[in-house]
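Student: Please take one strand of this model and look at it closely, working outward from its pairing to whatever surrounds it. I would like a single connected account rather than a list.

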Amino acid sequence: MPSLHQDFYYPQTKAEALALLSEGKERMMPLAGGTAVTLMQRRKEVALVDLWNIGLNTIQEQNGSLAVGAMMTVTELMRHESIQSYAQGALVQACRHLASTSLRNLITIGGNIIQIFNWSDLPPLFLALEAEVELQSQGGSRRTPIETFLSPHPRKNLKPDELLVNVILPPTAQNRYAQFTKFCQNQVNFSLATVATNFRVKDGVIQEARIAAGAVRGRPFRLNELEEMLVDKSLDKATLEAAETMARQVVKPTRTFRASVEYRQNLFAIIVRRHLEAAQSHFSLKG
Ligand SMILES: Cc1cc2nc3c(=O)[nH]c(=O)nc-3n(C[C@H](O)[C@H](O)[C@H](O)COP(=O)(O)OP(=O)(O)OC[C@H]3O[C@@H](n4cnc5c(N)ncnc54)[C@H](O)[C@@H]3O)c2cc1C
């Protein structure tokens, strides 16, 4: 059971929070939305540093990229003006399907990354977008690709005195098309198959394919083999079929009582195909 005898700190600035983490080292644990922390078994000597008031809940434009504050809640993110059309609305789509309204009001972008599960919703899309994370301590800040940060686990890559301060979303280009699909039995159930894609297409030919899968096993990851197969292929029926077949082979979901492995493999394969079909019509509509 979580201990009730715990110290809380309520810093009012990022500098105060970083100073607390620097002084306390492993004794301090950042508290964001609290939806995971409240369920954790914690040592009572661990003190919680509440990040709610330190101002990490804004979006700043940085040379075409968007620096999304780690303390933005999912609700704040999906309602933010600059996110509405970002990546053809794929980010709004991912937020909208994350848990329930009350949880979306609490879950933060940073918490969703650090407390990662195989079914976590935002990390697959961040992988397909090739987002970066910005980490900060009293000693300075550093940026790292999200793929590197997630592997083997975000906690292993975050020093005890560091905070995740921003998720950097790269500029989106005209010839890119991003999509997000989460398939689950109902809105508040865990995903059975999550797929995020981001294709760069020129003259009907795929120049770059980024495909991330969630709800498979371990943590969300990129389907490198499938991505490589798609490069330089025309966005035609034969490519769609080859992608569907390969997705069925390379995605190896764990067994769950909710659905059989074969059923989930079919889900992944069909979602990948549908994303390619949607990309096909998106680019052909553009002439
Ligand atoms: C019933 C339920 C259903 C859920 N369903 C889904 C779902 O369908 N999809 C989904 O994606 N998520 C879902 N979640 C949310 C997910 O499991 C985590 O609880 C959530 O992402 C944690 O975010 P938080 O802001 O509440 O973080 P917290 O619980 O406050 O923190 C989580 C961890 O991250 C660390 N941390 C947080 N922010 C920072 C930061 N900026 N810098 C450094 N460390 C930090 C904390 O120290 C802690 O270790 C669900 C949660 C619950 C309780």
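Tutor: A good place to start is Leu-135, which stands opposite Leu-164 in S8. The model is a predicted one, and every position discussed here should be read with that in mind. The pair belongs to the contact between S6 and S8, two strands that run antiparallel and are joined by five bridges. S8 also pairs with strand S5 (residues 65–69), again in the antiparallel sense, over four bridges, and within that pairing Val-68 has Val-167 of S8 as its bridge partner. As for burial, seven of the seven residues of S8 are buried, so the strand is largely enclosed by the rest of the structure.

The strand is also part of what lies over a helix. The cover on the buried residues of H1 includes strand S2 (28–31), strand S3 (47–50), strand S6 (132–137) and strand S8 (163–169), so both S8 and its partner S6 are in that list. Looking from the helix side, Ala-17, Leu-18 and Leu-21 are buried in H1, which covers residues 14–24. Viewed down the axis of H1, these buried residues fall within an arc of 95°, and they therefore line one face of the helix. The general background is that an α-helix has 3.6 residues a turn, so residues three or four places apart point the same way. On the other side of H1, Ala-15 and Glu-23 are exposed. Just after the helix, Lys-25 takes a positive phi of about 50°.

These elements can now be placed in the division of the chain, which is split into domain 1 (8–50), domain 2 (59–169) and domain 3 (176–285). The centres of domain 1 and domain 2, taken over C-alpha atoms, are separated by 19 Å. Their contact takes 13 residues from domain 1 and 15 residues from domain 2. On the side of domain 1 that touches domain 2, H1 gives the most, with five residues, and the residues of that side divide into seven nonpolar, four polar and two charged.

Two of the other strands that cover H1, S2 and S3, take part in a sheet of their own. Three strands form this open sheet in the order S1-S3-S2, with parallel pairing; its edge strands are strand S1 (8–9) and S2, each of which pairs on one side only. S1 and S3 pair in the parallel sense over two bridges, and Phe-8 stands opposite Leu-48 in S3.

Returning to the stretch that leads up to S6, helix H6 (residues 122–129) repeats what was said of burial in S8. Eight of the eight residues of H6 are buried, so this helix is largely enclosed by the rest of the structure; among them are Leu-122, Pro-123, Phe-126 and Leu-129. H6 is followed by Glu-130, whose phi is positive, near 55°.

For contrast, consider the part of the chain that follows S8. Four strands form an open sheet in the order S9-S10-S11-S12, with antiparallel pairing. Strand S9 (176–184) and strand S12 (221–222) stand at the edges, each with a single partner strand, so one side of each is left without a neighbour in the sheet. S12 is joined by two bridges to strand S11 (residues 205–214), and the two run antiparallel; Ala-212 stands opposite Arg-222 in S12. Further along, Ala-238 is found in helix H10 (residues 237–250) and, with 9 C-beta neighbours inside 10 Å, counts as exposed.

As a frame for all of this, the chain has 11 helices and 12 strands, and 38% of its 287 residues count as buried. Residues 24 or more positions apart account for 63% of the contacts in the chain with a separation of 6 or more. Along its principal axes the C-alpha trace spans about 60 × 45 × 30 Å. With 287 residues, a compact globule would have a radius of gyration near 19 Å, and the 20 Å of the chain agrees with this.

Notes
Residues are numbered from 1 along each chain as its sequence is written. This is a predicted model: local features need pLDDT of at least 70, side-chain atom pairs count only at pLDDT 80 or more; totals for chains, interfaces and linings use all residues. A residue is buried if 20 or more other C-beta atoms lie within 10 Å of its own, exposed if 12 or fewer, and partly exposed in between; C-beta atoms are placed from the backbone. The arc is that of the directions from the helix axis to the C-beta atoms. Two residues are in contact if their C-beta atoms, placed from the backbone, lie within 7 Å. Two strands pair if DSSP finds at least two bridges between them. Domain bounds come from an automatic or database domain assignment. Ala, Val, Leu, Ile, Met, Phe, Trp, Tyr, Cys and Pro count as nonpolar, Asp, Glu, Lys and Arg as charged, and the others, Gly among them, as polar. The radius of gyration is taken over C-alpha atoms; the globule rule is 2.2 Å times the number of residues to the power 0.38.
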